[in-house]
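Reader: Hey, got a minute to walk me through this one? I'd like the helices and the cysteines.

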Amino acid sequence: MYFSTQSAENQAFFQENPLVFIGSALYNSVCHTDLKEANAMASRKRIVLCYVLLQASFWGMISSICAYQAAIVLDRGFTTGQAGIFCALCYLASLFTQPVIGGWADRHPSVPIKQLLIVMLLPAVALNLVFYFTRPGFALTALIIFLFGVLETNSYPLIDSMGMQYVNAGVKIPYSFARGMGSLTYAVLCVVTGLPSALVFGLLQKKMSSAKILLISIIFMVVKPLLILASGSLGMLLAVQPVQMLGYGLFFPASVYFANESVDPADRVQGQSIRTILAISLSTLLGSLVSGYLIDLGGTTLMLWFSAGCAFIGV
């Protein structure tokens, strides 16, 4: 009875004072909206932080096998030719398995990509430990490195796809910054200067399309080998190296966005896999084989002219 009386009195008060009623409604609406926006902002910050950490930790892990693979197997007594076979096996494995994994992910959208990553990366970590504490022969080493290609090399198109899923869903993920932090982690752990220009990609993307950024990166891929050819001293050679930041440094994030924009939404995971196959796995495999032959045939000069010519064709 008390509450009904209070309700009637409140209703009468608001009828007599409509401005108070309107102000109260607006206040409640604003407070409710601010609360929703605050929750959304907190959720986005958490997603961004987790994605940046994912990129950084993954590329830090993969640096051990990508940057030092040849050095590791040579230190274990294998020949240079055998080391080349191991490197080829790693990319050959991803060449055939990436379309399968990407296609499966597109056909099963109910399975989160993070679950696929867990299924692939946990065995990869265990495999790294086995490889570290044992000294297998040629056949078993070849099998282990082949599995590295299946598990580790196939993971980064999934990580890229995860970032693009957030972007397509309206969550503003700074992909280029996250990928740049991955490159920075890779570089620090390899104790060399790495592809930090990915951090600048977000600024360029505000002014031009990913296709134009992709074209700019390929132009600098033409320029770099020509500058190396023109270098007459060690100092000049070292001064040329930062050009790589405007070449491959821009190419990687630009190619990810370009692939995302160029395929149907239902095929975007597979699209990232195909991008990785063509732009990384197949190109690295063929490049390693051809470059070795060209160096034997005409030295590094011939190889650099060939590199500049291939990039020019891409332009």
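Author: Sure, here is a short chat about some helices, a surface patch and the cysteines.

Author: This is a predicted model, where local features need pLDDT of at least 70, side-chain atom pairs count only at pLDDT 80 or more, and totals for chains, interfaces and linings use all residues. Residues are numbered from 1 along each chain as its sequence is written, and side-chain values use heavy atoms, with hydrogens and water left out.

Reader: OK, how many disulfides does a search of the whole structure find?

Author: Zero turn up in the whole structure, counting a disulfide as a pair of cysteine sulfur atoms within 2.5 Å.

Reader: And Cys 50, what does it count as?

Author: Cys 50 is partly exposed, at 47% relative accessibility. Here buried means under 20% relative accessible area, exposed over 50%, and partly exposed in between, using a 1.4 Å probe and protein chains only. Cys 310 is also partly exposed, at 40%.

Reader: Switching topic: how many residues of α7 are buried?

Author: 10 of its 14, so α7 is largely enclosed by the rest of the structure. Among the buried ones are Tyr 156, Pro 157, Leu 158 and Met 164. Helices are DSSP runs (H or I, at least four residues), and they are numbered from the N terminus.

Reader: How far does α7 reach?

Author: Helix α7 covers residues 155–168 and reaches 20 Å from its first C-alpha to its last, close to the 20 Å expected. The expected span is 1.5 Å times one less than the number of residues. After α7 comes Gly 170, with a positive phi near 95°.

Reader: What is Ser 161 in contact with?

Author: Ser 161 sits in α7 and is buried at 3% relative accessibility. Leaving aside neighbours within four places in sequence, Ser 161 contacts Ile 113, Arg 268, Val 269 and Gln 272, where contact means heavy atoms within 4.5 Å.

Reader: And Ser 217, where is that?

Author: Ser 217 is in helix α10, residues 210–230. Ser 217 is buried, at 0% relative accessibility. Not counting residues up to four places away in sequence, Ser 217 touches Leu 246, Gly 247, Leu 250 and Phe 251.

Reader: What about α6, which residues are buried there?

Author: They include Ile 144, Ile 145, Phe 148 and Leu 151. Helix α6 runs over residues 138–153, and its end C-alpha atoms are 21 Å apart, which agrees with the 22 Å it should span.

Reader: Last one: is Leu 129 buried or partly exposed?

Author: Partly exposed, with a relative accessible area of 49%. Leu 129 belongs to helix α5, residues 113–133.

Key
Helices (H or I, at least four residues) and strands (E, at least two) are DSSP runs, numbered from the N terminus.
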